[in-house]
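Work through the exercises below with the structure open beside you. Each task is followed by a stepwise solution.

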Amino acid sequence: MTGKQLVVFDFDWSFVDQDTDRWVFEVLSTKHRRLLQDRKSGGGTGIQCTPDVVDQTMGDLAQAGYTKEDVLDALRILPLHPAMKRAVLGLKERKPDTVFVCISNSNQVYIQTILEKHGLTTLFDTIITNPAHWSTSPIPNRLHVGRRLAASEPPHGCTIGCLANMCKGAELDTYLASHGGRESFERITYVGDGGNDFCPLLRMRTGDWACVRTPGFELEERIKNEGEKAGLKVDVKLWDQAWRIDEYFQQL
Ligand SMILES: [Mg+2]
Ligand SMILES: [Zn+2]
């Protein structure tokens, strides 16, 4: 590949080897991890919007006395595989015309903290995720997590099954439209694992690459069950650990 290319990363279980939302609570408090779990399953009222339940549980965590530093320290020990770092830095060095973008249902504070810890703050051209900020009152050190698409905004209207707060396919379209259009990139490579990574893959074409995590991840299941019917054209490359991404990236 000689021209400009785009590499899009999902974050949780794709760029990093964990789910950021669960990890912080798992590291700090079993009680709050349980709260998150129960809220996520919605107590029988269906799946809840992820940033909403993380925000609510962050409030309880701060109320219980956990500090901003506790949360940041938990993020700083979240596993990012050295081979993933090698994969992205190697590709950037070999092909400086590669543009990296992150589209994630995590949040700004989590992603920035982890990238800072690993010296990767300049890697991504754009990070598309849920907004987050710290407040000092009424509870000090409370992290607020919002929705990328606020509940007050018109819904994104996606019929592929994206959560209310973000349609990753629409986000990819918007990014491309504001960066010269699809034609300005020779190839798009997408690295993902989750059910909400299926929608953006439908916006991609033959010759683009979808690096899909296996085994037992939801994206692979959706591709198997819905890919043909939905007209999926992208070339699927399976990976289980980061060193496989490094191998694929060496072919880009
Ligand atoms: Mg993921
Ligand atoms: Zn969608």
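**Exercise 1. Is Asp12 buried or exposed in this predicted model?**

Step 1. Locate the residue. Asp12 sits in helix H1.
Step 2. Count its neighbours. Asp12 has 23 C-beta neighbours inside 10 Å.
Step 3. Apply the cut-off. A residue is buried if 20 or more other C-beta atoms lie within 10 Å of its own. Asp12 therefore counts as buried.
Step 4. List the contacts. Leaving out residues up to four places away in sequence, Asp12 touches Gln18, Asp19, Thr20, Ser104 and Ser106.
Step 5. Check the record. An unreviewed UniProt entry lists Asp10 and Asp12 under "active site".

**Exercise 2. Find the residues that UniProt places under "binding site", and explain why they gather at one spot.**

Step 1. Read the record. The unreviewed UniProt entry gives Asp10, Asp12 and Asp193 as "binding site".
Step 2. Compare sequence with space. These residues span 184 residues in sequence, yet no two of their C-alpha atoms are more than 8.2 Å apart, so they gather at one spot.
Step 3. Place Asp10. It lies in the loop between strand S1 (5-9) and helix H1 (11-15). With 25 C-beta neighbours inside 10 Å, Asp10 is buried.
Step 4. Place Asp193. It lies in the loop between strand S6 (188-192) and helix H9 (198-201). Asp193 is buried too, with 21 other C-beta atoms within 10 Å.
Step 5. Look for direct contact. Beyond its neighbours within four places in sequence, Asp10 contacts Ile103, Ser104, Val191, Gly192, Asp193, Gly194 and Asp197. With the same neighbours set aside, the contacts of Asp193 are Asp10, Trp13, Ser14, Arg213, Phe217 and Leu219. Asp10 and Asp193 are thus a contact pair.

**Exercise 3. Which residues have the most contacts inside the largest nonpolar core?**

Step 1. Recall the background. Nonpolar side chains tend to be buried together in soluble globular proteins.
Step 2. Size the core. The largest one holds 61 residues.
Step 3. Name its best-connected members. They are Val8, Phe9, Cys102, Tyr190 and Ala210.
Step 4. Follow one of them outward. Phe9 contacts Ser14, Phe15, Phe100, Cys102 and Val191, not counting neighbours within four places in sequence.

**Exercise 4. At what angle do helices H5 and H7 pack?**

Step 1. Read the geometry. H5 (residues 68-76) and H7 (residues 108-117) pack at about 60 degrees, with their axes 9 Å apart.
Step 2. Classify it. That angle makes H5 oblique to H7.
Step 3. Add the hand. The crossing is right-handed.
Step 4. Find the contact. Leu72, Leu75 and Arg76 in H5 meet Tyr110, Thr113, Ile114 and Lys117 in H7.
Step 5. Check burial. The buried residues of H7 are Val109, Tyr110, Ile111, Ile114 and Leu115.
Step 6. Look past the helix. Gly119 follows H7 and has a positive phi, near 65 degrees.

**Exercise 5. Is H6 roughly parallel or roughly antiparallel to H11?**

Step 1. Read the geometry. H6 (residues 82-94) and H11 (residues 242-249) pack at about 15 degrees, with their axes 7 Å apart.
Step 2. Apply the cut-off. Angles under 35 degrees count as roughly parallel. H6 is therefore roughly parallel to H11.
Step 3. Name the partners. H6 contributes Ala83, Met84, Arg86, Ala87, Gly90 and Leu91 to the contact. H11 contributes Ala242, Trp243, Ile245, Asp246 and Phe249.
Step 4. Add the hand. H6 passes H11 in a left-handed crossing.

Definitions and conventions: Residues are numbered from 1 along each chain as its sequence is written. Chains are lettered from A and ligands numbered from 1 in the order in which they are written. This is a predicted model: local features need pLDDT of at least 70, side-chain atom pairs count only at pLDDT 80 or more; totals for chains, interfaces and linings use all residues. UniProt positions are given in the numbering used here, feature names are shortened, and annotations may be inferred rather than shown by experiment. Helices (H or I, at least four residues) and strands (E, at least two) are DSSP runs, numbered from the N terminus. A residue is buried if 20 or more other C-beta atoms lie within 10 Å of its own, exposed if 12 or fewer, and partly exposed in between; C-beta atoms are placed from the backbone. Two residues are in contact if their C-beta atoms, placed from the backbone, lie within 7 Å. A nonpolar core is a set of buried Ala, Val, Leu, Ile, Met, Phe, Trp, Tyr and Cys residues joined through C-beta atoms within 7 Å. Axes are lines fitted to C-alpha atoms, for helices over the stretch in contact, and angles run from 0 to 180 degrees between N-to-C directions. Angles under 35 degrees count as roughly parallel, over 145 as roughly antiparallel, 65 to 115 as roughly perpendicular and the rest as oblique. A crossing is left-handed if the near helix is turned anticlockwise from the far one by less than a right angle, and right-handed if clockwise.
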